[in-house]
Amino acid sequence: MCYNAEISLNTFIFGMVCAIIIWKMNMVSKINILLLISITLMQLMEYFTWKNINNEKNIYDLSIIGLIIIFIQISLIIYSINNNIFLRIILYILLIFFVILYLLTDFTEKKLRMYKGENGHLVWEWLDIPLIWIIIGISFYIIPLYIANGILNIKFILTIILLSSSLYYYYKYKTWATLWCYFSNINWILLLIYSIYLYLNKN
């Protein structure tokens, strides 16, 4: 994620301005806008984390918010599978089962911490979990996107690149690096350009 409070806040503001413009033009699916907003919300969470980095109580609360945002992201990705309601229901059931299993096995309140890592980015200790949990969690991002868009879709390709690069930084530094900031900004720019193109050519 972003490596200081200012960049986190600027990324959030840029994303929300784009979101308002794109929403008003009404040229793209609302679910795609909401999904990007959920990613951008993580930047706002990190902004408050940087501002409260030495406040254990606030970091505890922000860690819970971070977990909730990730759950919302996955839920929105699954919801984007609009051509197979049965499959969507199955994925929701699997997601709930995964969350319950994680909470009952590897989750502890002591992990609800964040701090500055050696590469300058935030370490989310609540995601310092065994590899199997990381793979399962990432699968909930990849599989629905593949089903909804196909393997050659730019959204799917960008997500694969992002997650693969993030895993490298995670296992080297226990952080997710700046890639999510780039991902958020690039996707808002692409969606804004696409919306403007559709708006100008709707007649």
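What follows is a friendly exchange about how some helices and residues in this predicted model get their descriptions.

Me: Which numbers describe how helix 3 and helix 4 pack?
Reply: Helix 3 covers residues 56-79 and helix 4 covers residues 85-105. Their axes lie 9 Å apart, and the packing angle is about 160 degrees.

Me: Why is helix 3 called roughly antiparallel to helix 4?
Reply: Angles over 145 degrees count as roughly antiparallel. The angle here is about 160 degrees, so helix 3 is roughly antiparallel to helix 4. As for handedness, helix 3 passes helix 4 in a right-handed crossing.

Me: Which residues meet where helix 3 and helix 4 touch?
Reply: From helix 3 come Phe71, Ile74, Ser75, Ile78 and Tyr79, and from helix 4 come Arg88, Leu91, Tyr92, Leu95 and Val99. Sorted by class, this contact has 8 nonpolar, 1 polar and 1 charged residues.

Me: Ser75 is in that list. What makes Ser75 count as buried?
Reply: Buried means under 20% relative accessible area. Ser75 has 15% relative accessibility, so Ser75 counts as buried. Ser75 is found in helix 3. Leaving aside neighbours within four places in sequence, Ser75 is in contact with Tyr92 and Leu95.

Me: How do you know that helix 2 is roughly antiparallel to helix 3?
Reply: The axes of helix 2 and helix 3 cross at roughly 165 degrees and come within 9 Å. Over 145 degrees is the cut-off for roughly antiparallel, so helix 2 earns that description against helix 3. Helix 2 passes helix 3 in a left-handed crossing.

Me: What classes of residue make up the contact of helix 2 with helix 3?
Reply: There are 17 nonpolar and 4 polar residues, and no charged ones. Among those taking part are Leu34, Ser38 and Met42 in helix 2, and Ile65, Gly66 and Gln73 in helix 3. Gly66 goes with the polar residues because Gly is placed in that class.

Me: Where is Asn26, and what is its phi?
Reply: Asn26 is found in the loop between helix 1 (5-25) and helix 2 (30-51). Phi of Asn26 is near 55 degrees, a positive value in a residue other than glycine. Most residues other than glycine have a negative phi.

Me: Why is Asn26 called partly exposed?
Reply: Buried means under 20% and exposed means over 50%, with partly exposed in between. Asn26 has a relative accessible area of 48%, so Asn26 is partly exposed.

Terms used: Residues are numbered from 1 along each chain as its sequence is written. This is a predicted model: local features need pLDDT of at least 70, side-chain atom pairs count only at pLDDT 80 or more; totals for chains, interfaces and linings use all residues. Side-chain values use heavy atoms; hydrogens and water are left out. Axes are lines fitted to C-alpha atoms, for helices over the stretch in contact, and angles run from 0 to 180 degrees between N-to-C directions. Helices (H or I, at least four residues) and strands (E, at least two) are DSSP runs, numbered from the N terminus. Angles under 35 degrees count as roughly parallel, over 145 as roughly antiparallel, 65 to 115 as roughly perpendicular and the rest as oblique. A crossing is left-handed if the near helix is turned anticlockwise from the far one by less than a right angle, and right-handed if clockwise. Contact means heavy atoms within 4.5 Å. Buried means under 20% relative accessible area, exposed over 50%, partly exposed in between (1.4 Å probe, protein chains only).
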